[in-house]
Amino acid sequence: MRDKTSRHLWKVFVVLLSITLLTFSTGCSWFSSADEGTAKKNTVRHEEPYLCPLCGLPVEDESLIARRPVAVKIENDPSARPQSGLGKACVVYEEITEGGITRFIAIYLCRDPDPIGPIRSARPDDIDMIYPYNALLCHCGGAPYTLSMIKSSGIADLDELGGCGAYWRFRGRRAPHNLYAGIPQLRQAGDALYPFEGEVSSPFEFMDGKEVAEIKAEREEMAVGGAPQSNVPPEGGVALIPINGVHIPYKKVCQVKYSYDPASGKFLRFIDGIQHTDYSTGEPVMVDNVIIQYIQMGSSVIKDVRGTESPSLGVIGSGRAQVLTLGTLIDANWRKDSRSTHTRYFTNDGEEIPLKPGSVWIQLLPATQNAIFE
Ligand SMILES: [Zn+2]
């Protein structure tokens, strides 16, 4: 539980620090005698930056966030790893598909990585997940039932099998794990087919710099004890539990571990014990926020080419969630009222949970399982 005394002490400290800084800035005569030109420049430089509505990060040019988001289906079969471009997405969903192998929906708005992939087919639940983003759905086919659902949903669809020319096969990998594209090329093909005039709505609330600093300081103050009991919700109020990492128990070859790196304030990702890196850049995939969303998985009418049934994910409705940000765990719940509304994440008191500006990875996990924290 959040320690009220330590929080109060922290606030007192912040107030004292502010008074000290104010005294310093007004007490130095040379500081206030800076010429007007410099002062003007500083004013311009400190104007409110434009923030990406999907990840909360500042962008230099407003036009970057006035575009249609691009949602790409990226596979996670062991033969597809490491993938390219996942680390540059604003939002990533990891979902279970046939046989327990997971797949990603990576949503891009403020950054345009090239290449991204390997790209694979869509699933029916993808429509419910990306619909409120007003995104261009980029994928390589899907079951006939899925494709007809995509068509009738009215979402902007850029299927590789439609022959738009924005995708290419990489000779260094065997099919079907070799379909790639660049976000600029996908965007160009999408804009020609579906000109975008809307506005991108934000699925999350983000902290400001002061709030990030407060949470960081609060985490440092709290001694990191043993693993919290992951399946026992706190008794109410906002629980801010310091954690070092989490295991997410997908099928073994897709098991995820996140490890918190206090220096960067981000989580490092591991799949089946191997650090998740980018194939093209070699850089580790670093994640700012992890949301574990517990879902009621069921069966669907869809089968893959081998006859294995695709699960139904049940992403519309409500359930339990755990929000990991800045090395802390907040027990939460989620709610998505309809296909057209974003999923929102609330504390047990019903307040929306603000996230650290940066990437958000949503781990869809069956409610019959539990993430294990350390
Ligand atoms: Zn962004």
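Reader: Which residue stands opposite arginine 269 in E14?

Author: In this predicted model, tyrosine 258 stands opposite arginine 269 in E14.

Reader: How many bridges join E13 to E14, and in which sense do the strands run?

Author: Strand E14 covers residues 266-271, and 6 bridges join E13 to E14 in an antiparallel arrangement. The hairpin of E13 and E14 has 4 residues between the strands. In this hairpin, glycine 265 takes a positive phi near 75 degrees.

Reader: And what about E12 and E13, how do they pair?

Author: Strand E12 (residues 245-248) and strand E13 (residues 256-261) are antiparallel, with 4 bridges between them.

Reader: What is the bridge partner of isoleucine 248 in E13?

Author: Isoleucine 248 has valine 256 of E13 as its bridge partner.

Reader: Turning to the helices, which residues of H6 are buried?

Author: Helix H6 spans residues 183-193, and its buried residues are Ile183, Leu186, Arg187 and Gly190. These residues lie on the same side of H6, because they cover an arc of only 100 degrees around the axis.

Reader: What covers the buried residues of H6?

Author: The cover includes strands E3 (70-75), E5 (102-108), E6 (136-139), E7 (156-159) and E9 (179-181).

Reader: Finally, the whole chain: how many helices and strands are there?

Author: The protein chain has 7 helices and 25 strands. Of its 374 residues, 39% count as buried.

Reader: What share of the contacts with a separation of 6 or more comes from residues 24 or more positions apart?

Author: Such residues account for 64% of those contacts in the protein chain.

Terms used:
Residues are numbered from 1 along each chain as its sequence is written. This is a predicted model: local features need pLDDT of at least 70, side-chain atom pairs count only at pLDDT 80 or more; totals for chains, interfaces and linings use all residues. Helices (H or I, at least four residues) and strands (E, at least two) are DSSP runs, numbered from the N terminus. A residue is buried if 20 or more other C-beta atoms lie within 10 Å of its own, exposed if 12 or fewer, and partly exposed in between; C-beta atoms are placed from the backbone. Two residues are in contact if their C-beta atoms, placed from the backbone, lie within 7 Å. The arc is that of the directions from the helix axis to the C-beta atoms. Two strands pair if DSSP finds at least two bridges between them.
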